[in-house]
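Here are my notes on this one, written as numbered points. Keep the viewer open and click along as you read.

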Amino acid sequence: MKFNLKSKYLFSICLFCGFLRGLTDVLFPILTKEVIDFASAGQIENVINRSIWAVIVIVLCIIGANGVSLFQTAYKNELLSQMRMGITNNILKTPLNKLTPNRKAELLAIYNGDIYSVVEQYYINTLDIWELIFTILFSISALFTLNFEIAAFIIIMNALKLLNTSLFKKPLEKTYNKTYMAGRSLTAKISDFLNGINIVRTYKMADDFRKEIKSENDIKNEADLKYQKTSVLSMTVDSVLSQLVNFAILFYGAYLILKGKYTAGALFSTIQINSIMSFPFTQISYLINYRNGAKPLKKELEGLMCETKPENKEMIFETTPSIKLENVNFTANGHHILSDINIEFEPNKKYLIVGESGCGKSTLLKVISGIEQDYTGDIIYNDKSQKNLGDKIYNFIRIVFQESYIFQKSIMDNISASRENKTFLDSLISGLKLNKVTDKYKDTIMDEESAQTLSGGEKQRISIARALYTNPQILLLDEVTSALDKETSRDIEEMLLNYKGTIISVSHVPNKEVISMYDKIITMDAGKITSVYNSKNYKI
């Protein structure tokens, strides 16, 4: 992951705070030793002096601890934001036909869970590991000032804990991979259930979904349990080694005091420092394994991330381009949807495509608009192939779908968040008879509940306004007046047919009153274009 400047800055601050806390954690036992030894010798002045230093160290320790907490939170939030935006940029570059419902559910699980897991378990753990390393290094230095033999023994025993890391590395990675994949699968199943809840309830499919969700939930629980068992086993080995070290220090230190080679203050300080160092050695093994477990997921998420780049909105064609389809075929799941499509749409002309439901009309629009890209043949805009344009195609083309989506914004912001051309926006609202709707809702945020109060016709008119506001050179319309009453449908269709650019409209029930306004009527059947009429010669 490529860090931005703010992330690097926060990482450095976190390291410094961790360094400060590790240093002060170890300095306090050393000062404690001196206070005890000076008190035993009756040196009151030195006791007071070391006590003052102890207070200063405590204050610095609190500053370091709070700094770690504060700046780690800021660092974590920055990483979460950076990863979310990186994945958002990737989604914006993903071909639309690849964003299937299952893929969207997976991406939702990544947004809601996987990103947080990677940041917490890999990046924040990396900071924690560095802080533990600082504490270990300061502890080792302090121990050698107290007694070389005890220091060497403590270091060797604690170092054995690091072997535990390699011993449990692969089992922890394997079990962790299973638990996050099971979690992602469970989220996808729940998303499927919630999105189709109306059908589940009204078609009496509840028992089937209960079984499916229970099965996914059982798999997730089993994976979680296996991971926890592996983690507990790893930590148990660490705990046993820690207790052995404590036992040895106590009795060997007591032996040295009896021999006059050690002081009570030194033993007390040694026990404290070992306790301080024992936790990092125990914890560092756990965190390294935990961090290693998150590596595959981190690698996957980093593969999904892209850098933010300004949208390319350059005008590709000074005037409306022609559209030429050459031997276009489209197959989905082994079924031929479009077969040998050869046709040219002239600039600024109006075309109506008619045919029975399922004949390939909507698919043809999706292919022309670049949504469906797995076709054979070629689509040429003037002299440019669609396959070379990518998302630049949306600099001059818009498609209005039969099913309209309303974003969780105000109705005005659904049409244009920028509202740069207020006069044009007002004229669109008036022309599409949306005044009552915009007056009724004004600045209401159209959440899911609010959006349900809009009729299908109102949603379609909002979508049409959204498309027209950008003044596209080519406008594709997929049954956009199907949810409107006859009079409103005629008025809006007349408005659209007076639009200056190219119009390609799809309908299985064409409006007789406006059909003469089209330049060409194209009929389709079974994925093929069967005829092309002048509108005057076409009879419904």
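How many bridges join β4 to β5, and do they run parallel or antiparallel? Hold that thought for point 1, and keep in mind throughout that this is a predicted model.

1. **The β4-β5 hairpin.** The count is 2 bridges, and β4 and β5 run antiparallel. You can see one facing pair here: tyrosine 381 stands opposite lysine 384 in β5. The two strands make a hairpin with 2 residues between them, and asparagine 382 in that turn has a positive phi of about 55°. In general, most residues other than glycine have a negative phi, which is a good reason to pause at this turn.

2. **The antiparallel sheet.** Now zoom out a little. The hairpin belongs to an open sheet of 4 strands, in the order β2-β1-β4-β5, with antiparallel pairing. β2 (335-345) and β5 (384-385) are the edge strands with a single partner each, so one side of each has no neighbour in the sheet. If you are wondering what holds such strands side by side, strands of a sheet pair through backbone hydrogen bonds, either parallel or antiparallel.

3. **Working through the pairs.** Start with β1 (residues 323-332), which is joined to β2 by 7 bridges. Valine 328 is a handy place to check this, with isoleucine 341 as its bridge partner in β2. On to β4: 6 bridges join β1 to β4, and these strands run antiparallel too. Here you can look at lysine 324, whose bridge partner in β4 is isoleucine 380.

4. **How enclosed is β4?** Of the 7 residues in β4 (residues 375-381), 5 are buried, so the strand is largely enclosed by the rest of the structure.

5. **Parallel strands elsewhere.** β7 (residues 474-478) goes further: 5 of its 5 residues are buried, so this strand is also largely enclosed by the rest of the structure. Ile474, Leu476 and Asp478 point one way, while Leu475 and Leu477 point the other way, and all of them are buried. β7 runs parallel to β6 (residues 397-400), with 4 bridges joining them, and isoleucine 399 has leucine 476 as its bridge partner in β7. β7 also runs parallel to β8 (residues 502-507), this time with 5 bridges. There, aspartate 478 has valine 506 as its bridge partner in β8. To get from one strand to the other, follow the chain through helix α15 (residues 486-497): β7, α15 and β8 make a right-handed β-α-β unit.

6. **The nonpolar cores.** Which residues have the most contacts inside the largest nonpolar core? They are Ile323, Leu325, Phe345, Ile368, Tyr381, Phe396 and Ile504, in a core of 32 residues. Take phenylalanine 345 as an example: leaving aside neighbours within four places in sequence, its contacts are Ser322, Ile323, Leu325, Tyr351, Ile368, Ile504 and Ile522. There is also a second, separate core of 29 residues, which includes Ile429, Ala451, Leu496 and Ile503.

7. **Two helices to check by ruler.** Helix α6 (residues 206-258) has 53 residues, which at 1.5 Å a residue should span 78 Å; the end C-alpha atoms are 76 Å apart, so the two figures agree. Just after α6 comes glycine 260, with a positive phi near 75°. Helix α3 (residues 101-146) has 46 residues and should span 68 Å by the same rule of 1.5 Å a residue, and its end C-alpha atoms are 65 Å apart, which agrees. Still, have a look at isoleucine 110, where α3 bends by about 45°.

8. **One spot along α6.** Aspartate 218 sits in helix α6. Is this residue buried or partly exposed? Its relative accessibility is 36%, so aspartate 218 counts as partly exposed. The C-alpha atoms of aspartate 218 and leucine 186 are separated by 9.6 Å, although these residues are 32 residues apart along the chain.

9. **Two asparagines in loops.** Asparagine 348 lies in the loop between β2 and β3 (350-354), and its phi is positive, near 65°. With a relative accessible area of 36%, asparagine 348 is partly exposed. Asparagine 471 is in the loop between α14 (456-469) and β7, with a positive phi near 50°. Asparagine 471 counts as partly exposed as well, at 40% relative accessibility.

Methods. Residues numbered from 1 in each chain as written. Predicted model: local features only at pLDDT ≥ 70, side-chain atom pairs only at ≥ 80, totals over all residues. Heavy atoms only, no water. Core = buried A, V, L, I, M, F, W, Y, C linked by side-chain atoms within 4.5 Å. Buried < 20%, exposed > 50% of the residue type's maximum accessible area, 1.4 Å probe, protein only. Contact = heavy atoms within 4.5 Å. Pairing = 2+ DSSP bridges. Expected span 1.5 Å × (residues − 1). Bend = angle between axes of the 7 residues up to and from the residue. Right-handed = clockwise from strand over helix to strand, strands pointing away.
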